[in-house]
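Let's take a walk through this one, starting with the overall make-up and then moving to the cores, the helix packing and a few individual residues. Keep the structure open as you read.

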Amino acid sequence: MSKLGIFKKELELSRDGDIVYGRCGDYIVTFSEQNREVELFVDARLGRVDSGAIDELKAFVQASAAGYKLVSFSMTSTGASVVVAKKNASLLLEFSALLISQLKTLGIPGAGICSNCGQPMGSYNIVRIANHAHACDSECASRLLAGASRQQPVYVRQQGSFLGFMGALLFVLLAAAAYAYLALNSYFCAWVAVIMPIAASLGYALFGGKPCAGKGTSVLLLPLLFFSGAAFFVLLYSVYLHWIDLGYVFSLRELISLVSKNLTAPVLKSEYLYKQVAEGFVFLLIGYIFSLPQAFSKKQQPRVRELS
Ligand SMILES: [Zn+2]
């Protein structure tokens, strides 16, 4: 189970993508992972308490820092954040209970007060800002969300998909041409296959396409299609030259149909090409390993949004 999964289960939290959040006592807490660290954020209206309570909170965290292996502690007017190394996540789980009871003891308001405007509220909405969940009244929630949609061109990512596709197509075509050229001149050509998915990804990015399902599909399908196409073309062309040499008379249609029907025939299997095609598919797989995870990386969520 991932570290976040443990927090979710132990504290009965909800998950939203890469964070888990929910109510713990009187406070909304959020756990998130970044690099090799885990962050606990407690939504609290720190902006409205006198500095005596804040000083006591700081002293409390400083006193606990060594025992709980806290890497950093920070406060804003809307909450407190504590970070530990991932391997000390279980300590953070223990510390979260302590921190929450300390906040309560110090009279620092939690889910009863809007962390945005400081007004008391009965029911609350949870708004996610970056990796922190905040409890706000519905007015503040809609104001935060409206502000976010004004500032952030969230839908920009969809643009450029077609151009990106054309870029990927062009780059893969160039790689396929290089493959065919090397193969027809009896050079070792299988390695070109490793370039194809990377070329697709690069072509897509250079022509303005952002990571999206279209990019993932282009990077997956175009190299497969063009590699198979190039390999078949090379085979066809080799047979064509061979037949011309032998003085055969044939149409292009006959050539294609005979070669397609006899792809598994022993005479073709023994062709040097087969070994290179098989190796080419291995190289293609390696290329996918480098480029597919990035191409399929999911669309970025808006920084500010409401959690159900
Ligand atoms: Zn408010």
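The chain has 10 helices and 9 strands. Keep in mind that this is a predicted model. Of the 308 residues in the chain, 43% are buried. If you take the contacts with a separation of 6 or more, 65% of them come from residues 24 or more positions apart.

Now for the inside. The largest nonpolar core has 34 residues, and the members that touch the most other members are Phe7, Phe31, Leu99 and Ile108. Which elements give two or more residues to this core? They are the helices α1 (3-11), α2 (51-65) and α3 (89-105), together with the strands β2 (19-24), β3 (27-34), β4 (37-43) and β6 (79-85). Helix α3 provides the largest share, with 8 residues.

Phe31 is a good place to zoom in. Setting aside its neighbours within four places in sequence, Phe31 is in contact with Leu4, Phe7, Leu11, Leu13, Ile19, Val20, Glu39, Leu40, Leu92 and Ser96. There is also a second, separate core, this one with 25 residues, and its members include Ala180, Ala200, Val234 and Tyr288.

Two of the helices that feed the largest core, α1 and α3, also pack against each other. Their axes come within 10 Å and cross at roughly 30 degrees. An angle under 35 degrees counts as roughly parallel, so that is what α1 and α3 are to each other. The crossing itself is right-handed. On the α1 side the contact uses Lys3, Phe7, Glu10 and Leu11, and on the α3 side it uses Ala89, Leu92, Leu93 and Ser96. Sort those residues by class and you get 5 nonpolar, 1 polar and 2 charged. Phe7, Leu11, Leu92 and Ser96 may ring a bell, since they are among the contacts of Phe31.

Next, go further along the chain to helix α5 (residues 161-184) and helix α6 (residues 192-206). Here the axes are 7 Å apart and the packing angle is about 155 degrees. Are these two helices parallel or antiparallel? Angles over 145 degrees count as roughly antiparallel, so α5 and α6 fall in that group. Their crossing is right-handed. From α5, the contact takes in Ser161, Gly164, Phe165, Gly167, Ala168, Phe171, Val172, Ala175, Ala176, Ala178, Tyr179 and Leu182, while α6 brings Val192, Met196, Ala199, Ala200, Leu202, Gly203, Tyr204 and Leu206. By class that makes 16 nonpolar and 4 polar residues, with no charged ones. Ala200 is also one of the members of the second core.

Helix α6 has another partner in helix α7 (residues 213-246): the two pack at an angle of about 140 degrees, with their axes 9 Å apart. That angle makes α6 and α7 oblique to each other, and α6 passes α7 in a right-handed crossing. In α6, the residues involved are Ala193, Met196, Pro197, Ala200, Ser201, Tyr204 and Ala205, and they meet Gly214, Lys215, Ser218, Val219, Pro223, Phe226 and Phe227 in α7. The tally for this contact is 10 nonpolar, 3 polar and 1 charged.

Let's finish with some single residues. Ser101 is in helix α3 and, at 37% relative accessibility, counts as partly exposed. Its C-alpha atom is 8.5 Å from that of Gly25, although the two residues are 76 apart along the chain.

Thr78 sits in the loop between β5 (70-76) and β6. Why does Thr78 count as buried? Because its relative accessibility is 19%, and the cut-off for buried is under 20%. Beyond its neighbours within four places in sequence, Thr78 is in contact with Phe41, Val42, Asp43, Ala44, Ser115 and His134.

Finally, have a look at two loop residues with positive phi, neither of them a glycine. Glu12, with a phi of about 55 degrees, lies in the loop between α1 and β1 (14-16), and at 72% relative accessibility it counts as exposed. Ala130 has a phi of about 50 degrees and is found in the loop between β7 (125-129) and β8 (132-136). With 29% relative accessibility, Ala130 counts as partly exposed.

Methods
Residues are numbered from 1 along each chain as its sequence is written. This is a predicted model: local features need pLDDT of at least 70, side-chain atom pairs count only at pLDDT 80 or more; totals for chains, interfaces and linings use all residues. Side-chain values use heavy atoms; hydrogens and water are left out. A nonpolar core is a set of buried Ala, Val, Leu, Ile, Met, Phe, Trp, Tyr and Cys residues joined through side-chain atoms within 4.5 Å. Buried means under 20% relative accessible area, exposed over 50%, partly exposed in between (1.4 Å probe, protein chains only). Helices (H or I, at least four residues) and strands (E, at least two) are DSSP runs, numbered from the N terminus. Contact means heavy atoms within 4.5 Å. Axes are lines fitted to C-alpha atoms, for helices over the stretch in contact, and angles run from 0 to 180 degrees between N-to-C directions. Angles under 35 degrees count as roughly parallel, over 145 as roughly antiparallel, 65 to 115 as roughly perpendicular and the rest as oblique. A crossing is left-handed if the near helix is turned anticlockwise from the far one by less than a right angle, and right-handed if clockwise. Ala, Val, Leu, Ile, Met, Phe, Trp, Tyr, Cys and Pro count as nonpolar, Asp, Glu, Lys and Arg as charged, and the others, Gly among them, as polar.
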